[in-house]
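Please open the model in your viewer and keep the sequence beside it, since the stops below are given by residue. Each stop names a selection and then says what is to be found there.

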Amino acid sequence: KEHRFRIKVTDVEPGRRVEYRIIPGLGGSLEVEARDSGSVFTASIHIGVDASILGHLIDVLLRTTIGRQIEAIRRHQAEEGAILKGLLEAETGPPP
């Protein structure tokens with residue numbers, strides 16, 4: 001099943017990191033880090049609200065209502081990472 005999300009970009013470090021939010025309590029980041037003769041691409045999902053007792057209740061609601069969608073986001077991130085890797089390697093060629 002296809003899931004579509006609108007995201008709001010919340011922070012950018014050009015050439016390095018993008019943070020985004022889907023809904024309050026659910027967001028993530030995409031980061032590229034130079035390493036040796038290549039780079040590492042990391043996609044992270046952030047779930048939760050930082051607000052004492054109310055935050056815990058919201059976290060439980062998020063987990064139960066969007067649990068399946070989180071798995072869809074993880075699969076999507078893996079697919080997008082593979083596509084990005086292919087594009088970058090095709091553009092620059094294999095490392096020496």
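Begin by selecting Asp11 together with Glu19, its bridge partner in E2. Bear in mind throughout that this is a predicted model. Extending the selection to residues 8-13 shows strand E1, which runs antiparallel to E2 and is joined to E2 by five bridges. Between these two strands lies a hairpin connection of three residues, and in this hairpin Gly15 takes a positive phi near 75°.

Next, display the whole sheet, in which four strands form an open arrangement in the order E1-E2-E3-E4, with antiparallel pairing. E1 and strand E4 (38-47) stand at the edges, and because each has a single partner strand, one side of each is left without a neighbour in the sheet. From one strand to the next, the twist averages 15°. To follow the pairing of E3 with E4, which is antiparallel and extends over ten bridges, select Ala34 and then Ser39, the bridge partner of Ala34 in E4.

Now turn to the charged side chains; the structure holds five salt bridges. Select Arg16 and Glu13, which form one of these salt bridges, with the closest N and O atoms 3.8 Å apart. How exposed is Arg16, in terms of relative accessibility? Arg16 counts as partly exposed because its relative accessibility is 38%, and partly exposed residues lie between the limits of 20% and 50%. Glu13, at 36% relative accessibility, likewise counts as partly exposed.

Keep Arg16 selected and add Glu31, whose side chain meets that of Arg16 in a salt bridge with an N to O distance of 2.6 Å. This pair links distant parts of the chain, since Glu31 belongs to strand E3 (residues 26-35) whereas Arg16 sits in the loop between E1 and E2, 15 residues apart. Is Glu31 buried or exposed? Glu31 is buried, because its relative accessible area is 18% and buried means under 20%.

Staying in the charged set, select Arg35 and Glu33, whose side chains meet in a salt bridge at 3.4 Å, N to O. Arg35 counts as partly exposed at 43% relative accessibility, and Glu33 counts as partly exposed at 31%. Then select Glu13, Arg16, Arg17, Glu19 and Glu31 as a group, which salt bridges with shared partners join into one network.

For the last part of the tour, leave the charged residues and look for the nonpolar ones. In soluble globular proteins, nonpolar side chains tend to be buried together. Select Tyr20, Ile22, Leu26, Leu62, Ile66, Ile70 and Ile73, the seven residues that make up the largest nonpolar core. Strand E2 (17-23) and helix H1 (52-92) each supply at least two residues of this core, and the largest share, four residues, comes from H1.

Finish by centring the view on Leu26, a member of that core. Which residues does Leu26 touch, if those up to four places away in sequence are not counted? The contacts of Leu26 are with Arg21, Ile45, His46, Ile47, Ile66 and Ile73, and among them Ile66 and Ile73 also belong to the largest nonpolar core.

Note on methods:
Residues numbered from 1 in each chain as written. Predicted model: local features only at pLDDT ≥ 70, side-chain atom pairs only at ≥ 80, totals over all residues. Heavy atoms only, no water. Core = buried A, V, L, I, M, F, W, Y, C linked by side-chain atoms within 4.5 Å. Buried < 20%, exposed > 50% of the residue type's maximum accessible area, 1.4 Å probe, protein only. Contact = heavy atoms within 4.5 Å. Pairing = 2+ DSSP bridges. Salt bridge = Lys/Arg side-chain N within 4 Å of Asp/Glu carboxyl O. Axes fitted to C-alpha atoms, helices over the stretch in contact; angles between N-to-C directions.
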